[in-house]
Amino acid sequence: MNRNEVDREKLSPMMKQYMEIKDKHEDELLFYRLGDFYELFFEDGKIAARELELTLTGKNAGLSERVPMCGVPHHSVKPYIKTLVEKGYKVAIAEQLEDPKDVKGTVKRGVVDVVSKSTFVDEEYLDNATNCYIGGVISFEDCYLLSFADISTGVLNALYIEKDDSKLLNEILKLGIREIITIDNFPLKLISTLENNYGILVTESNEMLQNEYRDLINSVTDERIKMGIRHLFYYLVKKELKDVSHIDHVNILNNEETLYMDIHTIRNLELFETIRLKERNFSLIWLLDKCKTAMGRRKLKDMLLHPLLDINKINKRLDYVEKLINEFITREKLRDALEGVYDIERLCGKVICGSLNAKDLLQLKNSLKNIPEIKKLIDELSFDINIDENKEIYNLLEKSIYENPPVSIKEGYLIKEGYNKELDELKNIRSGGKDFIATLEESERNKTGIKTLKVGFNKVFGYYIEISKGQVKEVKDEWGWERRQTLSTSERYITPVLKEKEALVLNSEEKIIKLEYELFLEIKEKVKKEIFKLKTLADNLSQIDAYLSLATVAIENSFVRPKFNNDNTINIIGGKHPVVDNVTHLSYVANDCIMDKDTSTLLITGPNMAGKSTYMRQLAIIIIMAQIGSFVPCEDCNLKIIDKIYTRIGASDDLVSGESTFMVEMLEAKNAIEGATENSLILFDELGRGTSTYDGMSLAESILEYVNTKINCKTLFSTHYHELTSLSKKYPTIKNVHVCANFENDNLTFLHKVKDGPTDKSYGIQVASLAGLTDSIIKNASEHLKKYEQNKPRKMNEQISFTFPKKENELKKEIDAINILNITPMEAMNILYKLKEKSKDYEE
Ligand code: ADP
């Protein structure tokens, strides 16, 4: 049965109410609170049953047929909501707005929250090292405006992007935005790419917020950005019913001030996850993140996404890191103090738009407890970072919030004694009553002589005196006992005194819970007033934590402080790839990278597996680390500031769907060529390999020439087209280097050392053999190679033909090892037999 088919007149009052609410929430799955359950009806019920693997049942709603229904218990609703929003659904939650006890007839209900992929910000499910962004895009004639917010932290950013769909897509992916709100002129192809290729939820919403949040909106002057905020906020505030009053300012981002990297570069350099397993482990952030707080982790991630261009700003960060490195004791104390700091930023978020409980306020208090110590240490370090202790909030929480509160804020036990007089009085009454009841058992036993008499309590009947069935006859009228409940073996009674005390206890209990809840909300309001101060504190702490992390990593890995120049020079002595070095430990071979002002390209040759890509990535990573203000993995370095990094390394990605690998390779080359300036860095790894040899080589040569003559930026270009190495004669800006390998006695050893000059050795077949490719294939490949070399369609003398595959080599070794003079004829027969068996492995 579908919702729009029913005769509404016939529906029960509750179902009529459901229909009215659901009419306003057509796009969402409506979780409708009925007592201890959230129920979903009609199509919503069917969807939820399917997606959550729950049983679809039915409910009588006044119709001839039962209405399809599916429900989840209210106390465990979160994981279900999480599953649905992850699958791209939106969920509206309708609560009972009145206490059913106080109401006759249908309880008033209303939607209190709407959540979707990026706005379901429950701490249990949030990745604390990553922001959870929702973005709004407005398409203007000449550009896109992307406004994006994280409601869990109260961050709002605005960014102009060139009117280029791939650039917009690039930013959305880079920032990890999970949900996009568009207006109706948004390109359909891009919507489809966002949704189908990247699982990003796209919603069209054309309205703008009119009256609310004026202060924030008027704090920017740019009319377009105002419009962007109005557009995004309409969705958050009106559609999703969010309170965003913790957003106190708009960060207007400027890509011109930070090092530009596209999503390919970020992935290729494995800044946040590895290419193969898509895991954080063994990525650069994995190495750099030694933060003590979740806020610090997010800050560091943001720093890594946006390395700086301004030498002064970079040096300021480096000064902080250096100071922390040098001040051992202060550093360790600071680390200890930060250890006790919770995620203040997200706690602030919860104060405004989450389900804040007393434990959260306790976390805030315990965090604030560490601030005086942190402030003292920051002063000792003479850092230019202002730390506000937020003493009033600390004092308020210290005197009000009970040390071990329950998760629920509606059960009492939240507020300390001494905070509120009325509450203390009520608690006295309650404990007086309870004491009386506790002693009643003893006094009644004495009075009645029934030694097994018990005083108990249950929720339905309240306090009672219980005696066994056998003792009922001993009960005397003058005691005034009234029978309350009959059980199979016992009888329960109530007495006037017990009733009176019970009323006192229950009455005071109820009042206490109500008052505690009110006081809690009052405290919450007081914290709310200070939210911006707390957010500033959180931001400052996150910076300190990030610098501390960089200092710790620098010490652990013996990194050095980078220097910068304006001479168009890159000079790295003994550079390492920090992650590969960390994994390979002592065996990593350090390499220099020297590109003076007249060198723009290093043309890198050498066998596969020698370390060409690692060498290229290493340079980019050192530059990125340096420009975020980190120490770097080398003995010494002096770098020019790089404005953009483009990479074409490794397997192609699927940014532009439906394109072949080679097409993607060429598109990326085009992006690099069009985007790079003379201050950029380009890494081209074996460009052109996706097509036939001549095509590929010609393209590679021509692109290399173009980059060298027209852009003249620093470029690392690895290739197996050895013919290209002669370009250095034509262009003095191109320098040949090669990664060494040793080939001796049929053994190929990678030395991973980068040296000047070209090499003409590729050792492709040997590497294939090392990879364990079947001997017959290796043997045949060697034969083919000989053939090609004789025909010499292109100069391939660099490829040494392979004479003795690995396994045959072993056979040879075995034969050589036989000492004929030292074996018996029988042993000789056995050996001969074995050798014959082994030789069967080898085809002709
Ligand atoms: P190529 O690009 O030349 O095929 P890679 O850069 O992919 O080679 O390196 C192959 C492997 O060699 C890497 O996985 C790494 O473990 C190792 N390697 C690379 N460079 C070094 C080095 N400088 N020192 C030690 N090992 C290295």
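**Two unusual backbone positions and a ligand shell**

Phe282 is partly exposed, with a relative accessible area of 41%, in what is a predicted model. This residue is found in the loop that runs between α8 (263–268) and α9 (284–288), and its phi is near 70°, which is a positive value in a residue other than glycine.

A second residue with a backbone angle of this kind is Glu686, whose phi is positive at about 50° although Glu686 is not a glycine. Glu686 lies in the loop between β24 (681–685) and α23 (693–711). With a relative accessible area of 13%, Glu686 counts as buried, because the cut-off for that class is under 20%, whereas Phe282, at 41%, falls into the partly exposed range between 20% and 50%.

The ligand offers another place to look, and here 13 residues form the surroundings, the closest being Val589, Met609, Lys612, Ser613 and Thr614. Three of these residues approach the ligand through polar backbone atoms: for Val589, such an atom is 2.8 Å from a nitrogen atom of the ligand; for Met609, the partner is an oxygen atom of the ligand at 2.7 Å; and for Lys612, an oxygen atom of the ligand is 2.8 Å away from a polar backbone atom. Taken alone, the ligand exposes 560 Å², of which the protein buries 77%.

As for the make-up of the shell around the ligand, it has 5 nonpolar, 7 polar and 1 charged residues. The element that gives the most to this shell is helix α21, spanning residues 612–628, with 3 residues.

Notes:
Residues are numbered from 1 along each chain as its sequence is written. This is a predicted model: local features need pLDDT of at least 70, side-chain atom pairs count only at pLDDT 80 or more; totals for chains, interfaces and linings use all residues. Side-chain values use heavy atoms; hydrogens and water are left out. A residue is near a molecule or strand if one of its heavy atoms lies within 4 Å of it. A polar contact is a pair of N or O atoms within 3.5 Å; within protein, one must be able to donate a hydrogen and the other to accept it, and residues adjacent in sequence count only if both atoms are side-chain atoms. Accessible areas come from the Shrake-Rupley method with a 1.4 Å probe; for residues, only the protein chains shown count as cover. Helices (H or I, at least four residues) and strands (E, at least two) are DSSP runs, numbered from the N terminus. Ala, Val, Leu, Ile, Met, Phe, Trp, Tyr, Cys and Pro count as nonpolar, Asp, Glu, Lys and Arg as charged, and the others, Gly among them, as polar. Buried means under 20% relative accessible area, exposed over 50%, partly exposed in between (1.4 Å probe, protein chains only).
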